[in-house]
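Here are a few exercises to help you find your way around a new structure. Keep the 3D view open and try each one before you read its solution.

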Amino acid sequence: MIAPLLLLVTLQQPAGDSFPHAAHARLFASCTTCHAGVISGRRDELMPQPAQCRTCHDGTTEAVVTWAGARIEPSNLRFEHRRHEQEVRREGDSALTCVTCHALAGATVFMAAGRASPERCLSCHAHRTADHLVSAPCATCHLPLRDARALSIARIQALPKPATHDDRFVFSHATEARSTACQTCHTKESCSACHVNAARVPEIGALGSSALAAAVFATGRRSYPVPPSHQARDFARGHGVAAKAPGATCASCHARESCLGCHGSDERVPAIGALPARSARAMGVDLSDRRPADHGAGFEIRHRDATAATDQACGSCHRQQFCVSCHAAASADAYHVANFVQRHSAAAYRGDTDCAACHQVTAFCSACHQQAGLTPVAGAARGAFHDGVANWLFAHGAVARRSLETCASCHTQTFCTGCHSTTRGLRVNPHGARPPAGDPNRPSCRACHR
Amino acid sequence: MLLAASAPPGALAQLQLRARSTTTAQLIQLRPLRYDTVSASYLAGDAAAATPLQQDIELTAWGFGVRGLRFASMIRLRSSLGSSLVWPRSDDHFDAYWAFVELERESWRLRAGRIQHPSPIIMTTFDGAAAMWRPHGRLRAEVFGGRSLVRALAEPATTSAIASLDPFVTSQGQLVAGVSAWAEPVAAVSAGFAYQREVTSDFGALVGEYAALQGGWSNGRVALSGSAVYDLGHDTWGRSRLSGVLSAGSGASAELALFQRRPLFPLNTIWGVFAPQGHWGASVTGEAPLLPRVRVSAGYTMRRYQPTTETTPFLPQLDDVTHTVRIAASLRQGPWQARGAWLLNLGYGGEHSGFEALGGYRRERWDVSGELVAFQESEELRVGSGTVYGIGASGRVAIGAASGLRGSLMQYFHRDTGGASAPNWSQLRALIALELTFGANADGGAP
């Protein structure tokens, strides 16, 4: 009877039932009258052509009808009626007929048929799990995506997402990726959209390639969630050890350029050199503008403490030239705000940025202050700098003790010893209440005490 | 050159060079103050422009046939583009900041030549040698020594750059030697020590002697760190700082810090015996995401100075406490970013408040931004009072894989001049810098 109709080729099945089967009940002796392709295996005979309708609907016997024919939607099903029938016979399940799969639910009349639903398949091919998309042997029914060439881009984009593929799945999918199940929905283009090392991973290569999938994954912005291990406060500081360890997986997400955002100088770090370069497809994690957790606000002031680990610790991220950009003066456009020179007096007075660490006061500050007209002018009633305080000469001591570096930015030592000396000038004692400690023969003592 | 000449035959086939060049030209308008004998006051002169030109060349070479052997140097050439005004240091036409030969193995490193040595004490530059030993990643020790160069100047102590300005400066050279160690005995616990001594080149006088301690602990959420520098020459504490940082998982963090400071003066200057008074202070800062793409931060710093010890009828009304407040916010939406900050300084001999806002558009290969600034100063001990507004723009464009061009332009307008002096800070500032990288891309493979 109609059992043999379980043939067919292909990755194709009817999309919806556009033919009024019920209205034609008992008009046809068998399903294969119209669906001859199920037996012959010919795709063009799988569905009836509109011309066949006109055999009866010729305007005389029956009214002329307009039917465009059935449209066959491409799918990735691995179903072939002929092979299926052979396997059924081999397994002795002769009760399997067209009706078994195509009869409508609860139908009791002939030709109450339609598209076979996946549930019918599952009535025999039961999964060992409640979730159709989880841990199922996909290959039983589905072709790998690389071979499902008939699928449209829209169908690929609409492939359902298993419940296991949640936000955390990305961190554990490496072990799952060894399963052939991945091939059902993924080609290597799926992976290489994120994995900068896709070409080096055998599991990814095994997925095969598909031009359609490549088109799907060529667009869209990638996001790289931060692994739990990377969220530790000190991860940046110790990540080099992990990166150099055997089996390091940095290259899954990081291109060479990811590292060079910080390691700009480290030409000779093998772990960086070994990373694949960024490609147009997989950009890798963008780490530009990232700072270690301890490089927060004000770090430029307290960074000297970090150098206790020797310059090697700093040198992991900073070129030595980076230090000179500040510690060489007159070129630190990256350190001070653009208009800092116009309002640097507060910072200089407090010493919070330790000007002398980068600027040699005599050679740098004095030179500019002289040029700006801030230094003493012979014949002037008072200096431009101290115009806010009358009788500055008698009042300067208290201010000077709090910010001697500020004084030195205009005045030479000789200027001060003009008064503060035991041998000349006004012989004013500059030492305050506490005599200076240390060797009295040092140069600073001998300047006044002969 | 010597390295290349001494390399085994054929070894130079693997020689690789990498050079980075940064050419920076600036235009800085100034209006120098001039004393007006008629009004007996200081007035701002006409605008003149300083036009410093700076050329940095950084060169690294490796592949001499000996594993771990390399040469590294960084030199700076300076000049001026024809202006009569001299920007600081632009009349010093050549400096070599470092130029050393390095031999490095897994557990040790040797350097010889001109070396820049950062430490918790100070950045020291010297001509000599340094040896570092690191048996594993959690322990490092280093010794160094040689002819000391003037701090932040990269020139010998006898340089005319200082001697011509201050005849008091010693005519003797200086030597420096030091040792440092750092260890992380268990994860997230670290400690460091550094010691440094400078003497005159005849070993006849001490110039400076310092020791520093540093330690830190972190459990991921809380980080504590402390550091201190002791000035052995003056027998007093230099700087010390103790801070605690609390980090929240949401990206929020807060820091509380206590600190103390007294400047470190070399013993061959008189400043250290002029009874300098230090200060201590505390600061609290916080940073948190306010909205998904908005971050805000705020900070307050208080400094307390020792009460003035001198009493005179002319003593200026000095505050013993200074305050600094800073509030900032930033927004990042895709390639767009904006940030703004407000700052207030009180009690440093003047009052200062400032505001700056920046908006920018950033792509991988280029970016542009615009900036608005305004600040106001009311000076008690300084040049004068005034309000300054500024507007400007900056930009950057990448050239090739590792080169780029950047520039900025700012115009400032000075209003409301007050005080006996009449400074005028209205000025134009411009910068353009070309950064080029030549030679081997060593990142492409491990040597």
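The exercises below go from a whole chain to single strands and then to a helix, and the model you are looking at is predicted.

**Exercise 1. Get an overview of chain B: how many helices and strands are there in it?**

Solution. Start with the elements: chain B has two helices and 25 strands. Next, look at burial: of its 447 residues, 46% are buried. Then check the contacts with a separation of 6 or more: 47% of them are between residues 24 or more positions apart. Finish with the outside, where the accessible surface is about 20,100 Å², with 62% of that belonging to carbon and sulfur atoms.

**Exercise 2. Find Ser180(B) and work out whether it is buried or exposed.**

Solution. First locate the residue: Ser180(B) lies in strand 11 of chain B, which covers residues 174–186. Now take its relative accessibility, which is 7%. The cut-off for buried is under 20%, so Ser180(B) counts as buried. Last, see what it touches. Setting aside neighbours within four places in sequence, Ser180(B) is in contact with Arg140(B), Ala141(B), Glu142(B), Phe193(B) and Ala194(B).

**Exercise 3. Trace strand 12 of chain B and say which strands it is joined to.**

Solution. Begin with strand 11 of chain B: eleven bridges join it to strand 12 (residues 189–200), and the two run antiparallel. To see the pairing, spot Leu175(B) opposite Val199(B). The hairpin of these two strands has two residues between them, and Ala188(B) there takes a positive phi near 75°.

Now carry on to strand 13 of chain B (residues 206–218), which is also antiparallel to strand 12 and joined to it by eleven bridges. Here Val189(B) sits opposite Trp217(B). This second hairpin has five residues between its strands, with Phe203(B) in the turn at a positive phi of about 60°.

**Exercise 4. Move to chain A and explain why helix 18 is largely enclosed by the rest of the structure.**

Solution. Count the buried residues in helix 18 of chain A (residues 361–371): nine of the eleven are buried, so the helix is largely enclosed. Among them are Phe364(A), Cys365(A), Cys368(A) and His369(A). Then ask what they pack against: helix 20 (404–408) of chain A, plus strand 1 (16–30) and helix 2 (160–163) of chain B. Just past the helix, look for Gly373(A), which has a positive phi near 85°.

Definitions and conventions. Residues are numbered from 1 along each chain as its sequence is written. Chains are lettered from A and ligands numbered from 1 in the order in which they are written. This is a predicted model: local features need pLDDT of at least 70, side-chain atom pairs count only at pLDDT 80 or more; totals for chains, interfaces and linings use all residues. Side-chain values use heavy atoms; hydrogens and water are left out. Helices (H or I, at least four residues) and strands (E, at least two) are DSSP runs, numbered from the N terminus. Buried means under 20% relative accessible area, exposed over 50%, partly exposed in between (1.4 Å probe, protein chains only). Contact means heavy atoms within 4.5 Å. Two strands pair if DSSP finds at least two bridges between them. Accessible areas come from the Shrake-Rupley method with a 1.4 Å probe; for residues, only the protein chains shown count as cover.
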